[in-house]
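Student: I have a sequence and a structure in front of me, and I would like to learn how to read them one feature at a time. Could you take me through it slowly?

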Amino acid sequence: MNSMKIVLLFTLFYFCTMSSAPVQADPATESLLHAGVSSEDSSVSGLQSGRYQAKPSTPDDEPVYKPKPKKKMNSKRPASVEPAVLAEVPEAAPQELPPKAVPGVGEQVVDILKGGTDRTGEVYREQIHPDDIRNNRVELDVGTGMIYNNSTANLAYRNYYSFAPSMNAGAHLWLTPLAGISAHYLSTYSETVPSTSALATSVNVKSEWAQLSFDFRKFFGMSRRANSLNYGLMYSQYKLNVSASEPTRPGLLTSGLGLYLNLRIPTAPSYAWTFGGDISPSLSHSETSTALNLQSGSSVQASRLGFALGGEFKLSRENQLIWSLGVKVEKDQFSGTSNLSDPSTGLTPTGVNVTNTWTYFNLGYRWGQ
């Protein structure tokens with residue numbers, strides 16, 4: 001009995017000592033326990049034992065559920081999936097009719113011959129600038145200038161010079177923009193030539209030029225600054241008027257057909273250069289009767305050649321200032337013997353040769369409509 005009591009006492013003592021002994025925990029476990037348990041929660045700290053820790057319960061013992069955070073979608077889209085920007089498509093413009101074919105010189109000349117000058121002319125004028133000179137149907141020129149005349153010959157009666165002012169007037173009628181007719185007249189005033197008499201007096205004379213032409217022109221483009229060629233067939237006449245009672249000088253008359261060509265080069269809408277020339281390869285030449293009654297030969301061959309440089313200042317299509325500087329040379333070759341001897345040598349020349357040169361400057365005004 002006593003031994004049983006001793007065993008029971010020893011067992012009771014053992015369990016008492018075990019419950020009061022401190023629990024030894026490894027350092028890692030102890031740090032986790034201290035980190036996971038709040039010092040303010042006394043109820044949880046009393047439940048810690050060994051390596052285990054009491055897990056706090058949630059209200060109503062419901063399991064704790066934490067939803068995973070949703071990934072934030074990138075608002076930017078790749079360039080490949082960006083919605084295409086639709087370009088604004090302009091409304092289709094009404095289809096324009098192709099421009100009418102511009103009639104050439106030949107077509108317009110045919111229209112003149114048929115009497116239908118307006119048809120091709122209007123088609124042409126529809127396609128040029130309103131201020132283009134091709135819109136003019138009528139042009140009138142007036143001007144003034146100076147002329148120097150030098151005649152050299154192997155006969156004293158045809159050897160002289162003069163320098164005199166001049167006046168001129170002209171008119172152009174354009175039946176179509178590229179074809180028309182024109183007339184021009186020029187006359188000197190206060191002109192004198194030396195007398196062949198020993199008294200060294202002067203002889204009053206008057207020089208006159210008249211010209212009628214059929215004109216054509218070609219423009220290299222539809223712009224106001226397009227270069228152009230004017231050309232045509234002309235009939236010209238030169239006359240030296242001398243008093244019928246004059247005993248020392250004969251009157252002169254030269255006329256015939258020729259061709260002319262004029263190049264117009266605009267360098268600005270308001271200015272254009274002009275270069276031109278004319279040729280009359282065969283003219284009719286005669287010495288008109290005065291008190292002298294000279295016949296330099298039995299027959300004569302005459303020709304004329306001219307060159308000119310000028311310009312046009314265009315104030316408007318209707319108003320222009322024009323100028324020109326030029327020279328004309330006429331060659332008269334007589335055959336046979338003169339009916340009068342030379343007063344300076346007393347000899348009677350055969351094959352009288354005359355070269356007449358005119359150098360002139362003109363300044364004028366042109367009105368067009």
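Tutor: Let us start with an enclosed space: the second largest cavity holds about 40 Å³. Keep in mind throughout that this is a predicted model.

Student: How many cavities of 30 Å³ or more does the structure hold?

Tutor: There are four cavities of 30 Å³ or more in the structure, and we can stay with the second largest one to see how a lining is read.

Student: Which residues line that second largest cavity?

Tutor: The lining of the second largest cavity is made up of Asp-132, Ile-133, Arg-134, Phe-219, Ser-223, Arg-224, Ala-226, Arg-264 and Lys-314. Sorted by character, the residues of this lining are three nonpolar, one polar and five charged.

Student: Before going further, how should I treat the confidence values?

Tutor: The general idea is that where pLDDT is low, the predicted coordinates should not be read in detail. In this case the chain has an average pLDDT of 80, and 67% of the residues score at least 70.

Student: Over which residues does the pLDDT stay under 50?

Tutor: One such stretch is residues 19-29, where the pLDDT stays under 50 and the model has four contacts beyond four places in sequence. Another is residues 31-52, also with a pLDDT below 50, and this stretch has 14 contacts in the model beyond near neighbours in sequence.

Student: Now the strands, please. What should I look for when two of them pair?

Tutor: Look at the direction in which the strands run, at the number of bridges, and at an example of two partners. Strand β2 (residues 160-176) and strand β3 (residues 179-188) run antiparallel and are joined by 10 bridges, with Gly-170 having His-184 in β3 as its bridge partner. Between β2 and β3 there are two residues, and the two strands form a hairpin. On from there, β3 is joined by nine bridges to strand β5 (residues 202-219), again in an antiparallel arrangement, and Ala-183 has Leu-212 in β5 as its bridge partner.

Student: Which strands does β9 pair with?

Tutor: Strand β9 (residues 299-316) pairs with strand β8 (residues 271-288) in the antiparallel sense over 11 bridges, and there Gly-277 stands opposite Phe-307 in β9. Strand β9 is also joined by 17 bridges to strand β10 (residues 319-335), the two running antiparallel, and Arg-304 has Glu-330 in β10 as its bridge partner. A hairpin of two residues makes the connection from β9 to β10.

Student: And where does β11 fit in?

Tutor: Strand β11 pairs with β10 in the antiparallel sense over 15 bridges, and Ser-324 has Asn-362 in β11 as its bridge partner. Strand β11 (residues 353-368) is also joined to strand β1 (residues 138-153) by 15 bridges, and these two run antiparallel. In that pairing, Asp-141 has Arg-366 in β11 as its bridge partner.

Student: Lastly, how do I read a pair of aromatic rings?

Tutor: A pair of aromatic rings is described by the distance of the centres and the angle of the planes. The structure holds eight aromatic pairs, and one of them is formed by Tyr-148 and Phe-163, with 6.5 Å from centre to centre and 50° between the planes, which makes it a tilted pair.

Student: Which strands hold the two residues of that pair?

Tutor: Tyr-148 lies in strand β1 and Phe-163 in strand β2, 15 residues apart, and the pair links distant parts of the chain.

Key
Residues numbered from 1 in each chain as written. Predicted model: local features only at pLDDT ≥ 70, side-chain atom pairs only at ≥ 80, totals over all residues. Heavy atoms only, no water. Pairing = 2+ DSSP bridges. Helix = DSSP H or I, 4+ residues; strand = E, 2+ residues; numbered from the N terminus. pLDDT = per-residue confidence, 0-100. Contact = heavy atoms within 4.5 Å. 1 Å grid on protein atoms, 1.4 Å probe; cavity = no way out; pocket = protein on both sides within 12 Å on 5 of 7 lines; lining within 4 Å. Points joined across faces, edges and corners; volume = space filled by probe spheres on them. Nonpolar A, V, L, I, M, F, W, Y, C, P; charged D, E, K, R; others polar. Phe/Tyr/Trp six-rings, centres within 6.5 Å; stacked < 30°, edge-to-face > 60°.
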